[in-house]
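Subject: Structure handover

Hi there,

Here is the structure I promised to pass on to you. My notes on what turned up in it follow below.

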Amino acid sequence: AICKISAVRIIEHGEVRQSVWNKFFYKYLVSRGPKIGSANKDTVAAVEVNDGSFSFAALGDVECEDKSKKVWSREIKMYYTSSNFVGNVYFSKYGEWVEETRDEWLWEACKELIAPGTKCSFVCLRSKMDFLQEAMPMEKIMVVVKVGRLYEKGVELKFEFMVMRGGEWMVSVTADYWMLIVQRLEEGCLVPCGVPQQLKRRILA
């Protein structure tokens with residue numbers, strides 16, 4: 001995963017201003033970061049599995065691009081158990097909700113990818129999120145799932161988390177999620193395989 005953060009100063013509940021790093025923490029970040037002149041290696045384009053790693057090339061050719069068709073949605077209610085001491089919902093919770101919403105959609109659209117004991121499954125190649133505004137406890141969030149690209153051997157999903165503000169749904173968080181369809185061989189290795197026809201028909205319908 002890639003996580004990009006910036007320093008902010010809390011003005012009041014739900015309002016922050018851009019700030020500079022604490023000197024001690026900045027020194028720590030510098031000590032842990034790459035050395036000047038070192039190679040910048042992209043380590044997020046692959047997922048380590050039994051027999052090595054998969055890159056984005058494993059997805060194969062794009063069969064349908066930027067369709068942006070809504071395929072699933074669900075509502076989630078925020079509680080204080082999902083927030084910090086000032087009432088802001090933890091960013092890490094959105095990762096859980098992406099996984100849960102994906103599972104609900106796959107269970108309805110193509111059980112063979114998620115049912116226990118099946119040989120056909122998937123791995124996440126990469127996911128990323130953009131946080132646009134905070135959600136608060138006791139608010140409702142609508143999660144909308146869309147298909148960005150359908151590949152020969154995978155799918156790019158786009159998630160929109162929307163909160164109700166002033167009688168309208170407003171986007172608070174967006175997420176992109178690339179999943180590669182794989183098959184588990186008898187020896188335990190994972191190999192890329194084609195998107196199941198059942199799932200492809202649901203996406204292209």
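There are zero disulfides in this structure, which, please keep in mind, is a predicted model. For background, a disulfide is a covalent bond between the sulfur atoms of two cysteines. As for cysteines in the chain, C64 has a relative accessibility of 18% and counts as buried because the cut-off for that class is under 20%. C189, with a relative accessible area of 23%, is partly exposed.

A word on confidence before you load the coordinates into anything. The mean pLDDT of the protein is 83, and 86% of the residues come in at 70 or more. The stretch to watch is residues 39-52, where pLDDT stays under 50. The model does place 26 contacts beyond four places in sequence for that stretch. Still, where pLDDT is low, the predicted coordinates should not be read in detail.

Now to the charged pairs, which may interest you for your own setup. How many salt bridges does a search of the whole structure find? The count is 16. Here are some of them.

E75 and K140 meet through their side chains, with 4.0 Å from N to O. This pair links distant parts of the chain, as E75 sits in strand β5 (residues 62-77) and K140 in strand β7 (residues 140-151), 65 residues apart. E75 is partly exposed at 44% relative accessible area, and K140 is likewise classed as partly exposed, at 45%.

Another salt bridge joins E96 to K93, whose closest N and O atoms are 3.2 Å apart. Both residues belong to helix α2 (residues 91-109) and are three residues apart, about one turn of the helix. Are these two buried or exposed? E96 is partly exposed at 38% relative accessibility, whereas K93 counts as buried at 19%.

Strand β7 comes up again with K146, which forms a salt bridge with E160; the closest N and O atoms there are 3.9 Å apart. Since K146 lies in strand β7 and E160 in strand β8 (residues 154-165), the pair ties together parts that are 14 residues apart in sequence. Relative accessible area is 25% for K146, making that residue partly exposed; E160 is partly exposed too, at 24%. Beyond single pairs, salt bridges that share partners connect E65, K128, D130, R149, E156, K158 and D176 into one network.

Finally, something from the start of the chain. V8, I10 and V16 make a nonpolar surface patch of about 270 Å². V8 is located in strand β1 (residues 8-12) and is partly exposed, with 46% relative accessibility.

V8 also has a link to Q18, a residue of strand β2 (residues 15-18). Which residues does Q18 contact once neighbours within four places in sequence are set aside? They are A7 and V8. Between Q18 and A7 there are 6.2 Å from C-alpha to C-alpha, with the two 11 residues apart in sequence. Q18 itself counts as exposed, because its relative accessibility of 74% is over the 50% cut-off.

That is what I have for now. Happy to talk it through whenever suits you.

Best wishes

How values were computed. Residues numbered from 1 in each chain as written. Predicted model: local features only at pLDDT ≥ 70, side-chain atom pairs only at ≥ 80, totals over all residues. Heavy atoms only, no water. pLDDT = per-residue confidence, 0-100. Contact = heavy atoms within 4.5 Å. Disulfide = S-S within 2.5 Å. Buried < 20%, exposed > 50% of the residue type's maximum accessible area, 1.4 Å probe, protein only. Patch = residues over 30% accessible without salt bridge, like charges linked within 9 Å, V, L, I, M, F, W, Y side chains within 5 Å. Areas by Shrake-Rupley, 256 points an atom, 1.4 Å probe, with all protein chains shown as cover. Helix = DSSP H or I, 4+ residues; strand = E, 2+ residues; numbered from the N terminus.
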